[in-house]
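Student: I have a structure open, and I want to know why its parts get the names they do. Can we go through it step by step?

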Number of protein chains: 2
Amino acid sequence: MIERLIDQIKKTGAPIVVGLDPQLSFLPEKLLAEMYSEYGETPEAMGHALVRFNHQIVDAVADLVPAVKPQIAMYEQFGLSGLMAYRETIRYCKEKGLIVIGDVKRGDIGSTSAAYATAHLGRIQVGKETYAPFDEDLATVNPYLGSDGVQPFIDVCKKEDKGIFVLVKTSNPSSGEFQDLLVDGKPLYEIVGEKVEEWGAPLRHGNYSDVGAVVGATYPEVGKRMRDVMKHTFILVPGYGAQGGTAEDLKVFFDGDGLGAIVNSSRGIIAAYKNDKYASYGPEGFADAARAAVLDMKADITKAIGWK
Amino acid sequence: MIERLIDQIKKTGAPIVVGLDPQLSFLPEKLLAEMYSEYGETPEAMGHALVRFNHQIVDAVADLVPAVKPQIAMYEQFGLSGLMAYRETIRYCKEKGLIVIGDVKRGDIGSTSAAYATAHLGRIQVGKETYAPFDEDLATVNPYLGSDGVQPFIDVCKKEDKGIFVLVKTSNPSSGEFQDLLVDGKPLYEIVGEKVEEWGAPLRHGNYSDVGAVVGATYPEVGKRMRDVMKHTFILVPGYGAQGGTAEDLKVFFDGDGLGAIVNSSRGIIAAYKNDKYASYGPEGFADAARAAVLDMKADITKAIGWK
């Protein structure tokens, strides 16, 4: 899977993933009003609104980026209707040739992690039939439970040619509370990162592995160190833009070839029309505003990392 | 919420939670065959099979125990049909007066954790209406992202009178890989446990807080220490039975009044009919076997902790 991601990054010239995390406040009022009038003020209406919003965003950016990253929590909060929208969003993105990173941050003990891995990356057997429940290409995984919580995901990656990004150092303000704690002088995130590099060794294709890591743009000094510690680990970098990470901060996450990392932006793209810079598009032009924001982000990042 | 849980533990005399984690192999063949013949070999058939299985288990044990703990991964692996079964299981358990602990192990950064908290413990606003998406009473939470990932759950607990159990030391073999690392001589799980105690302080009712912790029965020496470190934290204890924890191991998790902990058993109860001891019930008698297993577990634990 990692080769496919790298191919598509090269093809688009954009080490960028669009975070499909539609918050209620991102949805244009007119779209919401249409859905309410059709389905009432119900979760079902919200599910349809999320799908319609995402379809338009995807149509506007699909030729520009290699991948999208829907955040399942934003769908799960609307219950089953929201999760239907999550599933449909994945289907539509894949139809458009995009790689889908499910930001699910699952993680549990052995047999339970295996069930999550099946849900998001694998196939479930029902009688003689098999089904792909959510069918993302890659998923984010929480490492707190240790190797036997992560291994079932790795097994499914191997079998189904899928990938994972394991949380190493997250982008939020209090990520350091546990992740930065020093164990014999070494921060916990570095110990987790070493494990990620080790877990990924059997799944290397070329320089990188199907087992990647998450390191936040908001901690560039950590990014620099972890790029070094995890030489064969592709890094998913959240936190650019709205969370405060700049293109300058991002340089250290990339290798000498300008590869090795993919940078996520969610609200900076999908809610670009709410930003002064793109306000002229108006709420109805949210998808065009998203396209403009992707082009600006691409220029910003490729310049910083020295791509032509 | 914690007062309600304690009340129901006292009323039933059973500090026991039944884990509703039906694996495909737990379902009696006849039940599966019926569902396949009605719905085909589809995820929909599995959803209906899970619901029917759970209803019978719940009918058989509802008067004996205070709470159930459905593990969402076991439903998520069947996609939307599985999650419909999860939602229906919660509804049915609450109708029967059981407290429902959603074993979801969610955790993310601020606004995303808020969405998960809404999904599982809160209400979502759609226009002028509000809906409870999954509506568990309590949920398990992963602490790796730190305070700002946990706080949104605590906020919802306060607003909706719900509760959480934060993962401190999990029951699986490799839990020590990160959780046992020593930071200035103190294991990470203990540092997390101190935080849990601190997070829970504003939500105390009597001696215990709506913010609880997960500590595995498989590590009794940790349980003893954490009972002391987290004096106002109720402990959810997985790992009894199938995972190897014994009633003797459990004593240390309880306080002087025999409270302060609730012990989970999943396959030991819901798949009891597959155990030699209860094999005479046969696959068709799975619910009666579950009831017998609960009664035996209750006797085993109450004897060990000195309840009459």
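Tutor: Yes. Start with one pair of residues: Gly19(B) stands opposite Lys69(B) in E2(B). Keep in mind that this is a predicted model.

Student: What makes E1 and E2 of chain B paired strands?

Tutor: Pairing needs at least two bridges. Strand E1 (residues 16-20) and strand E2 (residues 67-70) of chain B are joined by 4 bridges. The two strands are therefore paired. They run parallel.

Student: How many bridges join E1 and E2 in chain A?

Tutor: There are 4 bridges between strand E1 (residues 16-20) and strand E2 (residues 67-70) of chain A, and these strands run parallel. One pair to look up is Val17(A), whose bridge partner in E2(A) is Ala67(A).

Student: Which strands make up the barrel of chain B?

Tutor: The order is E1-E2-E3-E6-E7-E12-E13-E14. These 8 strands form a closed barrel with parallel pairing. On average, neighbouring strands are turned by 30° against each other, direction ignored.

Student: What does the barrel of chain A look like in strand order?

Tutor: In chain A, a closed barrel of 8 strands runs E1-E2-E3-E6-E7-E12-E13-E14, with parallel pairing. Its twist averages 30° from one strand to the next.

Student: Which strands does H5(A) touch?

Tutor: H5(A) packs on the sheet and touches E1, E2 and strand E3 (99-106) of chain A. Its direction makes about 180° with that of E2(A). Helix H13 (residues 286-305) of chain A packs on the sheet too, touching E1 and strand E14 (261-265). The direction of H13 makes about 145° with that of E1(A).

Student: Which helices lie across strands in chain B?

Tutor: Helix H1 (residues 2-12) of chain B is one of them. H1 lies across E2, strand E3 (99-106), strand E7 (163-169) and strand E14 (261-265), at about 125° to E3(B). Helix H7 (residues 147-160) of chain B lies across strand E6 (138-141), E7 and strand E12 (211-215). H7 runs at about 150° to E7(B).

Student: Now the helix pairs. Why are H3(A) and H5(A) called roughly parallel?

Tutor: The axes of helix H3 (residues 43-61) and helix H5 (residues 79-95) of chain A come within 8 Å and cross at roughly 20°. Angles under 35 degrees count as roughly parallel. So H3(A) is roughly parallel to H5(A). The crossing is right-handed.

Student: Which residues of H3(A) and H5(A) meet?

Tutor: On the H3(A) side they include Met46(A), Leu50(A) and Val58(A). On the H5(A) side they include Met84(A), Ala85(A) and Tyr92(A). By class, this contact has 9 nonpolar, 7 polar and 2 charged residues.

Student: Why are H2(B) and H3(B) called oblique?

Tutor: The axes of helix H2 (residues 29-39) and helix H3 (residues 43-61) of chain B come within 9 Å and cross at roughly 140°. Roughly antiparallel would need an angle over 145, and 65 to 115 is roughly perpendicular. The angle falls in neither range, so H2(B) and H3(B) are oblique to each other. Their crossing is right-handed. Among the contact residues are Leu31(B) and Tyr36(B) of H2(B), with His48(B) and Phe53(B) of H3(B). The classes are 8 nonpolar, 1 polar and 2 charged.

Student: Where do H6(B) and H7(B) cross, and at what angle?

Tutor: Their axes come within 8 Å and cross at roughly 35°. H6(B) passes H7(B) in a right-handed crossing. The contact includes Ala114(B) and Leu121(B) of H6(B), and Phe153(B) and Val156(B) of H7(B).

Student: How do you know that a two-fold axis relates the chains?

Tutor: Chain B can be laid on chain A by a turn of 180° and a shift of 0.0 Å along the axis, with an RMSD of 0.0 Å. That is the relation of a two-fold axis. In chain B, the C-alpha nearest the axis belongs to Val183(B), 2.6 Å from it.

Student: Why do we say that the copies meet through the same surface?

Tutor: Of the interface residues of chain B, 100% are also interface residues in chain A, so the copies meet through the same surface. The contact takes 58 residues from chain B and 58 residues from chain A. Helix H6 (residues 110-121) of chain B gives the most to its side, with 6 residues.

Terms used: Residues are numbered from 1 along each chain as its sequence is written. Chains are lettered from A and ligands numbered from 1 in the order in which they are written. This is a predicted model: local features need pLDDT of at least 70, side-chain atom pairs count only at pLDDT 80 or more; totals for chains, interfaces and linings use all residues. Axes are lines fitted to C-alpha atoms, for helices over the stretch in contact, and angles run from 0 to 180 degrees between N-to-C directions. A crossing is left-handed if the near helix is turned anticlockwise from the far one by less than a right angle, and right-handed if clockwise. Two residues are in contact if their C-beta atoms, placed from the backbone, lie within 7 Å. Ala, Val, Leu, Ile, Met, Phe, Trp, Tyr, Cys and Pro count as nonpolar, Asp, Glu, Lys and Arg as charged, and the others, Gly among them, as polar. Copies are superposed by least squares on the C-alpha atoms of residues with pLDDT of at least 70 in both.
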